[in-house]
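Got the viewer open and a selection box ready? Let's take a walk through this model, one pick at a time.

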Amino acid sequence: MEEILMKKAVVLLLAVLMLGTLAVPNFGAGTYSEKVEQEYIVHWDGSADLKFTTALYGPPDLLNSTKESLSEIGIDNATNMMVNQRIKTFSQLGMNLVNASGTVKGYDSDGPLITEITGKVLNFAKYYSYDGVWEITLDVLRVSQLSQVDVTSLNQTFDFEDYYSIILPEGAEILNVPSSYSMESGKSSISLKVDVSGNEIHVNVHMHFDEGITKEDLQKLYGEFQPFVIQYKGKPGPEGNYSIWGSRTETNITVGKDETVIDTLNEYITPEDYVNYLKLMVAYQGEDTIIESMHQSYLQTFQEQGIEVRDWNITFENLNSPGPLKIRLHWVLTNYTQALNNTYTHDPSLGLSNISLQGRLNGGINQTVVIRITLPQHSEFTQLPEDIDVEANGSRITMKVTKVSENEVTIESSAYIRYGMLAKDYFAMMEKLPPKAEVKYTVGEEKTGTCGPALLLGLAIVPLLLRRRK
């Protein structure tokens, strides 16, 4: 019986916290009505003193059943659950809530149920040495919560009233605060008002979702909204923990009149947790399954270009030991040079020019690619690209082409992108790069050559923090 009550209380407390509420199929008759007030007093180390108050007004059935369950399991137990859930929520947003305590009010009255949490949020404001700017990102329209459920299927009306009070440190110079925003669709609406007074920023959000809301309504309500980011300058601060996406790829292309052999070593070096995740996925899905999947993907690409795979091999290294994850790929190909018309094409951006990036880069990139092209005797290189060196505020992309001998050329490319690099600077730097760098050559009397798309040569995977632009 105690276990049943605890499970019931968990569901209802999550409803109070609006964490999982929308997964509850039956709220009872009436509108789900909730008001949340968040006050943050920000310090120059990026932390903020927090006061987080939630008031649940209805619907009556949910309100009453929640109060009953709170009394049954005990207010202390309920409060601890509430605080732990809020700690988890901040953790999912990349912040740490420490020294947290909570209270519950109104459980023994006819009024609203009120919960209050106080504590200190670490990493609330992030400092970027790239341009000396502090940033605070607020999920003012509850995107992270509402994206987890389908509100169009709940047949429930929701009223959310959210108030934010952000008090910046003394001496802060405000650079940017997003403008007010409003949108209507059918009977549903969003209204966001922003007010700035001195070093205080106040945001008032009212969200009304009608019980008949559709996906088209949601698209219209949210379609033009941009991330709510507050920017300010002042004292420098610690940048905290962030990921450096490090990888190295070495590819040897040995060209022959009849066969071309490509040997690639991919090393995924950092971040350590991502590398370990890749290793875990290989173990979970099975090494043979992953290898066959990779083989089929490469094979399809070769076939689409009229290239025949005569032999191949893929192996993993360091799966069960510390250090980088290594993947070796070996291909013996026929018709490779003829199919791709005597030109090896290299992407100087290493696949980083066509990504989705808003605001700034939330990690760093340190990527190196080395390619060696070896021709048979009586062959020659007829065109080599110029070296490339592009820099922007400490971020840098280089490509160095070296003719080792009459029959061998190396291309060494690197991309070092700073954490926090602004999107406008990032794409401006990418625009300085040529779209491709070509190496042309002949083999004997034949007009043959090779082309090296990123997939075929096994260039490093674009990090998960970057997504392809649609």
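Start by selecting strands E17 and E24, the latter covering residues 437-443: the two pair antiparallel, over four bridges. To see one of those pairings up close, pick Thr343, whose bridge partner in E24 is Lys440. One thing to keep in mind as you click around: this is a predicted model.

Now add E20 to the selection. You have an open sheet of three strands, in the order E17-E24-E20, with antiparallel pairing. The edges are E17 (343-346) and E20 (379-383), and each of these pairs on one side only. Look along the sheet and you'll find that neighbouring strands are turned by 25° against each other on average, direction ignored.

**Next stop: the eight-stranded sheet**

Select E3, E4, E2, E1, E7, E11, E10 and E9, and you get an open sheet of eight strands, in just that order, with mixed pairing. Which strands stand at the edges? They are E3 (96-105) and E9 (181-185); each has a single partner strand, so one side of each has no neighbour in the sheet. In this sheet the average turn between neighbouring strands is 10°, direction ignored.

Zoom in on the E3 end. E3 runs antiparallel to E4 (residues 113-122), and eight bridges join the two. Pick Ser101 and then Thr118 in E4: they are bridge partners. If you're wondering what holds such pairs together in general, strands of a sheet pair through backbone hydrogen bonds, either parallel or antiparallel.

While you're in this sheet, click Glu37, which sits in strand E1. Glu37 is partly exposed, at 38% relative accessibility. Beyond its neighbours within four places in sequence, Glu37 is in contact with Lys51, Phe52, Thr53 and Tyr163. For a distance to try in the viewer, go C-alpha to C-alpha from Glu37 to Glu116: they are 79 residues apart in sequence and 9.4 Å apart in space.

**The helices lying across it**

Show helix H3, residues 75-92. H3 lies across E1 (32-42), E2 (48-58), E3 and E4, and runs at about 145° to E3. Then show helix H5 (residues 215-222), which lies across E9, E10 (188-197) and E11 (200-209) and runs at about 160° to E9.

Stay with H3 for a moment. H3 has 18 residues and reaches 26 Å from its first C-alpha to its last, close to the 26 Å expected at 1.5 Å a residue. Which residues of H3 are buried? Colour Ala78, Thr79, Met82, Val83, Arg86, Thr89 and Phe90 to see them. Turn the view to look down the helix axis: these buried residues of H3 fall within an arc of 135°, so they line one face of the helix. The spacing makes sense, because an α-helix has 3.6 residues a turn, so residues three or four places apart point the same way. On the other side of H3, Asp76 and Gln92 are exposed. Just past the helix, look for Gly94, which follows H3 and has a positive phi, near 85°.

**A glutamine with company**

Select Gln231, found in strand E12 (residues 228-233). The side chains of Gln231 and Glu135 are joined by a polar contact of 2.7 Å. What else is in contact with Gln231, leaving aside its neighbours within four places in sequence? Besides Glu135, the list holds Val133, Trp134, Glu173, Ile174, Leu175, Asn176 and Arg360.

**Last stop: backbone oddities**

Two cis peptide bonds are worth a click.

- Gly58 to Pro59 is cis, with omega near 10°; Pro59 lies in the loop between E2 and helix H2 (60-73).
- Thr270 to Pro271 is cis, with omega near 0°; Pro271 is in the loop between strand E14 (259-270) and helix H6 (272-285).

Then try a pair of asparagines. Asn155 has a positive phi of about 50° although it is not a glycine. Find Asn155 in the loop between helix H4 (143-146) and strand E7 (158-167). Is Asn155 buried or exposed? Asn155 is exposed, with a relative accessible area of 54%.

Finish at Asn393, also not a glycine, whose phi is positive at about 50°. Asn393 sits in the loop between strand E21 (388-392) and strand E22 (395-405). With a relative accessible area of 41%, Asn393 is partly exposed.

Key:
Residues are numbered from 1 along each chain as its sequence is written. This is a predicted model: local features need pLDDT of at least 70, side-chain atom pairs count only at pLDDT 80 or more; totals for chains, interfaces and linings use all residues. Side-chain values use heavy atoms; hydrogens and water are left out. Two strands pair if DSSP finds at least two bridges between them. Axes are lines fitted to C-alpha atoms, for helices over the stretch in contact, and angles run from 0 to 180 degrees between N-to-C directions. Contact means heavy atoms within 4.5 Å. The expected span of a helix is 1.5 Å times one less than its number of residues. Buried means under 20% relative accessible area, exposed over 50%, partly exposed in between (1.4 Å probe, protein chains only). The arc is that of the directions from the helix axis to the C-beta atoms. A polar contact is a pair of N or O atoms within 3.5 Å; within protein, one must be able to donate a hydrogen and the other to accept it, and residues adjacent in sequence count only if both atoms are side-chain atoms.
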